[in-house]
Amino acid sequence: MNARDDVLIVGGGVIGLASGIALLQAGRSVRVLEAATAGSGSSHGNCGTITPSHAAPLAAPGTVAKALRWMLMPDAPFRVSPRVDPVLWRWMIGFARHCNRPDWLRAMHARSTILEASRAAFPDWLDALGIDCEFEASGVDYVYRDRADFDAFEDEATQLRALGVAVERIDGADYLRQEPALREGVVGAIRFPGDARLRPDRYVAGLAQAFRALGGELVEHCEVRSIEDTGDDVRVDTSQGVLSGRDLLLATGAWSPLLAKSLRLRVPVQPGKGYSITYSRPSIVPRRPMVLHERSVCVTVWDSGFRLGSTMEFSGYDRSLNRVRLDALERAAREYLHEPVGPVREEEWYGWRPVSIDDVPILGPAPGHRHLWLATGHGMLGVSMSVATGQLMSDLICGHAPRFDPAPYAPARFA
């Protein structure tokens, strides 16, 4: 294979495909290179919630202390696997430096901007592309069994309201009357009525179909071995031959730091491993997606199924399905739900989320390169941020006025 395109995109997940579609709509020729199959990475098995409510970053005051306490707990919601890994520990030191209130507030503002832009655009985006992925403007509930945790959320709620995020506080007794799927013991719930949900595997499949229908070339099973920026264009050596493009967008999620090495680029991202289990629907299910707060487990219901997911494990590129962490999902669900699992277990899954050192996406031109662009570091919010990310990357690559300020996401902030 030997071809030249306006834009080569490395990575056929939700970010690469959304960016490709936006670029096609802007009149560019686009080829997406995917090492496996489209949407087979962290886009596939996440919980599919669209969450402006998740504006607060993981890098927050108190996160490091929790991580240290949980390090020896195999089923902890946030766990750093103890091991000798200089790259991880350098990243952790940098992450720890961002765990302060001023950085927390700055990151929250940046994340909120792109989350709100994406959420607002989702209905028209899906309609225009003809994607049926069980999207519903459902809202999302955070459910609490600990009174102190419930009351402590008020500070974050105040900050979210200041950013325009709707937040409702519901007493436990009232919430239990509304939600028959829950067991007794709930002290309260926080509702985010502006959130939504979709089925992510169907969303990514729809993006791939729409990308092809718009004239994009999607090349699967095409491993990228090296990237060379010649100054005039970008050349890529792949398992299917050499390709070139005027511009290249690196959108390989948690793999981005490894591919960037050949270009001597620092991409401060670590793979944060998440898990999910998908079932057929139980007979009694929650009325809307919910997060079981004390266990950090997300419960999502679609017409076509039921999923338990979440957790964050920094264990490198470990490919094993950790039974302890999968069991923790079901154990958490049993604490909260009358029917914690569905009758048929359809899939057990893990995926690596690309977590940046400040938990803000890395979007924009790669420092020192005229034709190389980065779109990674979305953490757990790749699906939520996908539409606005694609539109922003298209604007930047095409030289159009961006729809919102790109400065908070610029890769140059780490230079």
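Helix axes here are lines fitted to C-alpha atoms over the stretch in contact, and the angle between two helices is taken between their N-to-C directions. Keep that in mind for this tour of a predicted model.

**Stop 1: helix 1 and helix 11**

Start by selecting residues 14–25, which form helix 1, and residues 382–398, which form helix 11. Their axes come within 8 Å and cross at roughly 45°. Angles from 65 to 115 degrees count as roughly perpendicular and those under 35 as roughly parallel, so helix 1 is oblique to helix 11. Turn the view until one helix lies in front of the other: the crossing is right-handed.

Now show side chains. On the helix 1 side, pick V14, I15, A18, S19, A22 and L23. Across from them, helix 11 offers G382, V383, S386, T389, G390, Q391, M393, S394, I397 and C398. Colour this contact by class and you get nine nonpolar residues, seven polar and no charged.

**Stop 2: helix 4 and helix 11**

Keep helix 11 on screen and add residues 101–129, helix 4. How do these two helices cross? Their axes come within 7 Å, at an angle of roughly 85°, so the pair is roughly perpendicular.

For the contact itself, select R111, I114, L115, A117, S118, A121, F122 and W125 in helix 4. Their partners in helix 11 are V383, S384, M385, S386, V387, A388, T389 and Q391. By class, this contact holds ten nonpolar residues, five polar and one charged.

**Stop 3: the second largest pocket**

Finally, move to the second largest pocket, with about 410 Å³ of space. To centre your view, select V87, P257, V267, V269 and Q270, the closest to its centre among the 19 lining residues. Which elements each supply at least two residues of this lining? They are helix 3 (86–97), helix 9 (256–260) and strand 13 (269–279). Helix 3 gives the largest share, four residues. Coloured by class, the lining shows twelve nonpolar, two polar and five charged residues.

Terms used:
Residues are numbered from 1 along each chain as its sequence is written. This is a predicted model: local features need pLDDT of at least 70, side-chain atom pairs count only at pLDDT 80 or more; totals for chains, interfaces and linings use all residues. Side-chain values use heavy atoms; hydrogens and water are left out. On a 1 Å grid over the protein atoms alone, a cavity is a set of points where a 1.4 Å probe fits but cannot get out, and a pocket is an open set with protein on both sides within 12 Å along at least five of seven lines; lining residues have an atom within 4 Å of a point. Grid points are joined across faces, edges and corners, and a volume is the space filled by probe spheres set on the points. Ala, Val, Leu, Ile, Met, Phe, Trp, Tyr, Cys and Pro count as nonpolar, Asp, Glu, Lys and Arg as charged, and the others, Gly among them, as polar. Axes are lines fitted to C-alpha atoms, for helices over the stretch in contact, and angles run from 0 to 180 degrees between N-to-C directions. Angles under 35 degrees count as roughly parallel, over 145 as roughly antiparallel, 65 to 115 as roughly perpendicular and the rest as oblique. A crossing is left-handed if the near helix is turned anticlockwise from the far one by less than a right angle, and right-handed if clockwise. Contact means heavy atoms within 4.5 Å.
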